[in-house]
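Good morning, and thank you for making time for this presentation. I would ask you to keep the structure in view while I speak.

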Amino acid sequence: ANMVMLGALVERTGSIRAETVFSTLTQVIKNEKLLDIDRRAITAGVEFARQAPRQTAAGQGATHEITG
């Protein structure tokens, strides 16, 4: 679930590129099976964030960007 959330965060904020996350994972995770699972989870989070409507905290469906 954490990797799915990371993918959604990457997509919504644009603060880091997904390619950078994948590259970093490759350096940290040496088990190919776990690396593949993490890559697929991150990709699922990115795809979910692309398709999900943006909402405010009140759920009004308006886009609310946080800056700072």
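I begin with helix 2, which spans residues 18-28 and whose buried residues are A18, V21 and L25. When one looks down the axis of helix 2, these buried residues fall within an arc of 55°, so they line one face of the helix. A general point is useful here: an α-helix has 3.6 residues a turn, so residues three or four places apart point the same way. What, then, covers the buried residues of helix 2? The cover includes helix 1, residues 2-13, and helix 3, residues 32-51.

Before going further, I should state that this is a predicted model. The protein has 68 residues, and 22% of them count as buried. Its secondary structure amounts to three helices and zero strands, and the order of elements from the N terminus is α-α-α. Among contacts in the protein with a separation of 6 or more, 43% are between residues 24 or more positions apart.

Let us turn to the core. Which residues make up the largest nonpolar core? There are eight of them, namely V10, A18, V21, L25, I29, L35, I42 and V46. To this core, helix 2 and helix 3 each contribute at least two residues. As a general remark, nonpolar side chains in soluble globular proteins tend to be buried together.

One member of that core, I29, deserves separate attention. I29 lies in the loop between helix 2 and helix 3. Is I29 buried or exposed? Its relative accessible area is 17%, below the 20% limit, and I29 therefore counts as buried. Setting aside residues up to four places away in sequence, I29 touches L34, L35 and D38.

I now come to the packing of the helices. In general, two packed helices are described by the angle between their axes and the distance between the axes.

For helix 2 and helix 3, the packing angle is about 165° and the axes are 10 Å apart. The contact is formed by V21, F22, L25 and T26 from helix 2, together with L35, D38, R39, I42 and T43 from helix 3. How are these two helices oriented relative to each other? An angle over 145 degrees counts as roughly antiparallel, and helix 2 and helix 3 are therefore roughly antiparallel to each other. The crossing of helix 2 past helix 3 is right-handed.

Within this contact, consider F22, a residue of helix 2. Its relative accessibility is 22%, so F22 counts as partly exposed. Leaving out residues up to four places away in sequence, F22 touches R39, I42 and T43. From F22 to D38 the separation is 16 residues in sequence, and their C-alpha atoms are 8.8 Å apart in space.

The second pair is helix 1 and helix 3. Their axes come within 6 Å and cross at roughly 45°. Helix 1 and helix 3 are therefore oblique to each other. Here too a handedness can be given: helix 1 passes helix 3 in a right-handed crossing. On the helix 1 side, the residues involved are M3, V4, L6, G7, A8, E11 and R12. They meet D38, A41, I42, G45, V46, A49 and R50 in helix 3.

My last residue is N2, which is placed in helix 1. With a relative accessible area of 68%, N2 is exposed. How far apart in space are N2 and I42, which are 40 residues apart in sequence? From C-alpha to C-alpha, N2 and I42 are 8.7 Å apart.

To close, I return to two residues of helix 3. I42 belongs to the largest nonpolar core, takes part in the contact with helix 2 and is also among the residues that helix 1 meets. D38 likewise appears in the contact with helix 2 and in the contact with helix 1, and D38 is touched by I29 of the loop. Thank you for your attention.

Note on methods:
Residues numbered from 1 in each chain as written. Predicted model: local features only at pLDDT ≥ 70, side-chain atom pairs only at ≥ 80, totals over all residues. Heavy atoms only, no water. Buried < 20%, exposed > 50% of the residue type's maximum accessible area, 1.4 Å probe, protein only. Helix = DSSP H or I, 4+ residues; strand = E, 2+ residues; numbered from the N terminus. Arc of directions from axis to C-beta. Contact = heavy atoms within 4.5 Å. Core = buried A, V, L, I, M, F, W, Y, C linked by side-chain atoms within 4.5 Å. Axes fitted to C-alpha atoms, helices over the stretch in contact; angles between N-to-C directions. Parallel < 35°, antiparallel > 145°, perpendicular 65-115°, else oblique. Left-handed = near helix turned anticlockwise from the far one by under 90°.
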